[in-house]
2 protein chains.
Amino acid sequence: MRWNGSSRRAEVLQAAVDLLDEVGLDALTTRRLAARLGVQPGALYRHYPSKRALLDAVAERIVVETAPDTPPEGDWAEQLRQIAGSMRRGMLAHRDGARLMATLTVPGDAAVAAFQRLVDLLRRAGATPDAAVVGVDTVICYVNGFTIEEQARGGAPGERRDQGFAAGLELILHGIAARLLAKANDP
Amino acid sequence: MRWNGSSRRAEVLQAAVDLLDEVGLDALTTRRLAARLGVQPGALYRHYPSKRALLDAVAERIVVETAPDTPPEGDWAEQLRQIAGSMRRGMLAHRDGARLMATLTVPGDAAVAAFQRLVDLLRRAGATPDAAVVGVDTVICYVNGFTIEEQARGGAPGERRDQGFAAGLELILHGIAARLLAKANDP
DNA sequence: ACCTGAACACCGTTCAAGT
DNA sequence: ACCTGAACACCGTTCAAGT
């Protein structure tokens, strides 16, 4: 009953992440995963109750490792840029990473915490609670939608995509600044 | 070799759409579809070369029927609001509709045409070619990202979601107006 | 605690052969 | 033109039994 990465459960999870990167989400099969671990397929069910639960754990791990290593600097817009950028990079770092996120049923602790951190950021910048949620939701939906589409069409990684991503994000940041932060709002 | 909806191919497609709505994307199985058509599983392959191709056709049909029946009215922002709204409603109208779109490999004729119509709309409003693409991309990524997340968490349909969707869209429309349309831009 | 062996109820796909 | 029959190579999951 250890909490850290040395349990057998964590080895199964790590193997699943590796297998995802090698063969992709469609070929990520419990039987293939078992073979890679040198084990019978049924043995996996001692560690995860279902394939769905395993995939949820993989997604959660990607969210965790996606959180920026250094806390973001600058004003709220610059921080949002950095966080949005690392969300996109985190998903792109794994094969079918964005699509995997899209299949999740439940948000997961790490995702909820990340969401709350963004809401707090906009709150401190002067947004009302409702406005902060709208702003964060919009950024996150955009990042997810962009990255899913980006990863679906393979294509070269290229800085062309980076520019397109950044340009769209600027539109949203501009809208947040102009319509959500405390200025002259009619009630 | 007819083009219209009376071919056997079209019947298979219609049955697939109905089955999707009844059982969802994960349970949409070639064998279940064959059973519903009163046919052996292998018979489907006379009409579609693979399950992937069938799902692409289902997605394309949803895109087609999603195009607004009445051509949108009003200025560019109002037209964009209407089109974004019908894209979302079109996906919500079918079980797992948004997730199905996200799994598409190739855009398809109807989607490309819809994209082009939006680009033209922004061009007429004064955007450069690049700016028009950025604006349309941002709206589409937002709509897809929002709807995927909305449909993944079941929840009541509710107008709460409608308001959240509209509020985020306004941020983007504001950004387009302020940063992409011809005004005082530095070169 | 972790795994084996063996089974169950499914998949997508192919292809000769029928009508 | 459309479908059957039958097979092939897979799936996710369960569970008694072993160590």
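Let's start at the DNA: helix H2 (residues 30-36) of chain A gives the most to the surface near DNA strand D, contributing three residues. Keep in mind as you look around that this is a predicted model. There are 18 residues around strand D, and those that come nearest are Thr30(A), Arg31(A), Tyr45(A), Lys51(A) and Gln40(B), a list with members from both protein chains. By class, the residues of this surface divide into four nonpolar, seven polar and seven charged.

Which part of strand D does the protein meet, backbone or bases? Sugar or phosphate accounts for 59% of the strand D atoms within 4 Å of the protein, and bases make up the rest. A few individual distances make this concrete. An N or O atom in the side chain of Tyr45(A) sits 2.5 Å from a phosphate oxygen of strand D. Gln40(B) uses its backbone instead, with a polar backbone atom 2.6 Å from a phosphate oxygen of strand D. For a base contact, turn to Arg46(B), where a polar side-chain atom lies 3.2 Å from a base nitrogen of strand D.

Now move over to DNA strand C. Here 17 residues surround the strand, and Gln40(A), Thr30(B), Arg31(B), Tyr45(B) and Lys51(B) come nearest. Helix H2 (residues 30-36) of chain B gives the most to this surface, with three residues. The surface near strand C has four nonpolar, seven polar and six charged residues. Of the strand C atoms within 4 Å of the protein, 61% belong to sugar or phosphate, and the rest to bases.

Several phosphate contacts on strand C are worth displaying. A polar side-chain atom of Thr30(B) is 2.4 Å from a phosphate oxygen, and a polar side-chain atom of Lys51(B) is 2.8 Å from a phosphate oxygen. From chain A, the side chain of His47(A) places an N or O atom 3.0 Å from a phosphate oxygen of strand C.

Next comes the meeting of the two protein chains. The size of an interface is often given as the accessible area lost when the parts come together. Chain A and chain B bury about 2300 Å² between them, with 71% of that on carbon and sulfur atoms. On the chain B side, Cys141(B), Leu171(B) and Arg179(B) lose the most area to chain A, together 25% of what that side buries. The contact takes 26 residues from chain A and 26 residues from chain B.

What holds polar atoms together across this interface? The rule finds three residue pairs in polar contact, both residues being at pLDDT 80 or more, and zero salt bridges. On chain B, the elements that give two or more residues to the side touching chain A are helix H5 (97-102), helix H7 (129-152) and helix H8 (159-179). The largest share of that side, ten residues, comes from H8(B). By class, the side has 15 nonpolar, seven polar and four charged residues.

Although the interface has zero salt bridges, the count over all chains comes to 24. One of them joins Glu170(A) and Arg81(A), with the closest N and O atoms 2.6 Å apart. This pair links distant parts of the chain, since Glu170(A) is in helix H8 (residues 159-179) of chain A and Arg81(A) is in helix H4 of chain A, 89 residues apart. Arg81(A) counts as partly exposed because its relative accessibility is 31%.

Another salt bridge pairs Glu150(A) with Arg88(A), the closest N and O atoms being 2.7 Å apart. Glu150(A) lies in helix H7 (residues 129-152) of chain A and Arg88(A) in helix H4 of chain A, so the pair ties together parts that are 62 residues apart in sequence. Are these two residues buried or exposed? Glu150(A) counts as buried because its relative accessibility is 7%, and Arg88(A) is buried with a relative accessible area of 7%.

Elsewhere in chain A, a network of salt bridges links Asp26(A), Asp96(A) and Arg99(A). In chain B, the side chains of Arg99(B) and Asp96(B) meet in a salt bridge at 3.8 Å, N to O. The buried partner Asp96(B) has a relative accessible area of 19%.

A last stop is Gln79(A), which has its place in helix H4 (residues 76-92) of chain A. Gln79(A) counts as buried because its relative accessibility is 18%, under the 20% cut-off. A polar atom of the Gln79(A) side chain lies 3.0 Å from the backbone oxygen of Gly74(A).

Methods: Residues numbered from 1 in each chain as written. Chains lettered and ligands numbered in written order. Predicted model: local features only at pLDDT ≥ 70, side-chain atom pairs only at ≥ 80, totals over all residues. Heavy atoms only, no water. Near = heavy atom within 4 Å. Polar contact = N/O pair within 3.5 Å; in protein donor to acceptor, adjacent residues only side chain to side chain. Helix = DSSP H or I, 4+ residues; strand = E, 2+ residues; numbered from the N terminus. Nonpolar A, V, L, I, M, F, W, Y, C, P; charged D, E, K, R; others polar. Contact = heavy atoms within 4.5 Å. Buried area = accessible area lost by both parts, 1.4 Å probe. Salt bridge = Lys/Arg side-chain N within 4 Å of Asp/Glu carboxyl O. Buried < 20%, exposed > 50% of the residue type's maximum accessible area, 1.4 Å probe, protein only.
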